[in-house]
Amino acid sequence: MSKKFEKDMLDEQTGISILVSGGDDEEEHYHEFMEIQYIEKGKIKQIINDKEYICKTGDFMFFYEGDKHSYSILEKTKMLNVIFSSELLDEMKLNKYFPMQKKIESKVNLPPNETQWLISLIKIMQKENLTRHEGFQYILNNCLQTIVCILLRHGYSDDKFDDLTKKIIDLIEEDCTISVADIAKQCNFCSNYVSLIFKKNVGMTLKQYAIKKRFMKAYQLIKSTDMSVEQVMGVVNLSNKTHFYRMFKTYFGKTPKQVRKGG
């Protein structure tokens, strides 16, 4: 029988709690509230409503009330979990913009810039929840509404992708250094065709998407490891150091040194 997490885990004053997890495997459970999960570092295998997901640093997950899920740790992991009442979701009145009667996939694919935006919002929520200065409830609610809206926007957008586009995204998620030729080979289509379909559905070229994912991985490695910039560049298969520094600053608004220092 699945373990149940009840609403008494939610903060009585706000209906929102922010938890840190990831030290141990978690057996199958469900809860009486919503949950947004951010993988701050590490790698886990999650089983959500009988579907398997491999989740790693930088990934966002979205759980509905009653979703059954469990996870096992594959690499040392730290997760931030924002849990909130389903009543708060109803109060957001997002049915004006999204088909809320339909659930999105638990794992939500985000562009690198929006991933960083959501991470910063969760950090703000953490700080406000701890300090509880005047008006903290207002800030918590507004940050939560923005995070939920962005996740739903991309979650429902993913539903529009055909099977080929989803497979391409999954392949790049597994290995951001994979070549267009290897993607085409695994999809059993020619390179020109997979590039055309991807551009049509995603709005950017396959190469642009893969490069963004490489820089996202580079950002996480610089932030969470002691690897040198040269080592990180090797992992993400980027060789031009001048180009790397310029594009890193373009994507994230900071240099690798600033990211490592937490600036």
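Start by selecting strand β3, residues 26–31, together with β7: the two run antiparallel and are joined by 2 bridges. Zoom in on His29 and you will find His69 of β7 standing opposite. Keep in mind as you go that this is a predicted model.

**Along β7**

Keep β7 (residues 69–84) on screen and add β2, residues 16–21. β2 and β7 pair in the antiparallel sense over 6 bridges. To see one of these pairings, pick Val20, whose bridge partner in β7 is Leu80.

Now bring in β4, residues 34–48. β4 and β7 also run antiparallel, and here 13 bridges join them. Select Ile47 and look across to Ser70 in β7, which stands opposite. While you have strands in view, try showing their side chains: in a regular strand these alternate between the two faces of the sheet.

**Around the hairpin**

Which strand follows β4 in a hairpin? That is β5, with 2 residues between the two strands. Asn49 sits in the turn and has a positive phi of about 50°. β5 covers residues 51–56 and is tied to β4 by 6 bridges, again antiparallel. Click on Lys43 and you will see Lys56 of β5 opposite.

**Into the core**

Next, show side chains for Ile36, Phe62, Phe84, Leu144 and Val148. These residues have the most contacts inside the largest nonpolar core, which has 34 residues. Strands β2, β4, β6 (60–63) and β7 each supply at least two residues of this core, as do helices α1, α2 (112–131) and α3 (136–158). Color α3 if you like, since α3 gives the most, with 10 residues. In soluble globular proteins, nonpolar side chains tend to be buried together.

Center the view on Phe84. Leaving aside residues up to four places away in sequence, Phe84 touches Leu10, Gly15, Ile16, Phe33, Met34, Glu35, Ile36, Leu89, Leu144 and Val148. Apart from the 34-residue core lies another core, of 16 residues; select Ile169, Phe198, Tyr209 and Ala210, which are among them.

**A stop at Ser86**

Is Ser86 buried or exposed? Ser86 counts as buried, because its relative accessibility is 15%, below the 20% cut-off. You will find Ser86 in helix α1, residues 86–91. Its side chain makes a polar contact of 2.9 Å with the side chain of Glu65. Beyond residues up to four places away in sequence, Ser86 touches Met34 and Glu65.

**On to Gln258**

Now jump to helix α10, residues 256–260, and select Gln258. With a relative accessible area of 36%, Gln258 is partly exposed. A polar atom of the Gln258 side chain lies 2.8 Å from the backbone nitrogen of Thr255. Add Lys223 too: Lys223 and Gln258 are 35 residues apart along the chain, and their C-alpha atoms are separated by 9.5 Å.

**Zooming out**

Finally, reset the view and show the whole protein, with its 10 helices and 8 strands. The C-alpha atoms fill a box of roughly 50 × 40 × 35 Å along the principal axes. The radius of gyration is 19 Å, which agrees with the value near 18 Å for a compact globule of 263 residues. Of those 263 residues, 46% count as buried. Switch on the surface and you are looking at about 14000 Å² of accessible area, 49% of which belongs to carbon and sulfur atoms. Among contacts with a separation of 6 or more, 72% come from residues 24 or more positions apart.

Terms used. Residues numbered from 1 in each chain as written. Predicted model: local features only at pLDDT ≥ 70, side-chain atom pairs only at ≥ 80, totals over all residues. Heavy atoms only, no water. Pairing = 2+ DSSP bridges. Helix = DSSP H or I, 4+ residues; strand = E, 2+ residues; numbered from the N terminus. Buried < 20%, exposed > 50% of the residue type's maximum accessible area, 1.4 Å probe, protein only. Polar contact = N/O pair within 3.5 Å; in protein donor to acceptor, adjacent residues only side chain to side chain. Contact = heavy atoms within 4.5 Å. Core = buried A, V, L, I, M, F, W, Y, C linked by side-chain atoms within 4.5 Å. Rg over C-alpha atoms; globule rule 2.2 N^0.38 Å. Areas by Shrake-Rupley, 256 points an atom, 1.4 Å probe, with all protein chains shown as cover.
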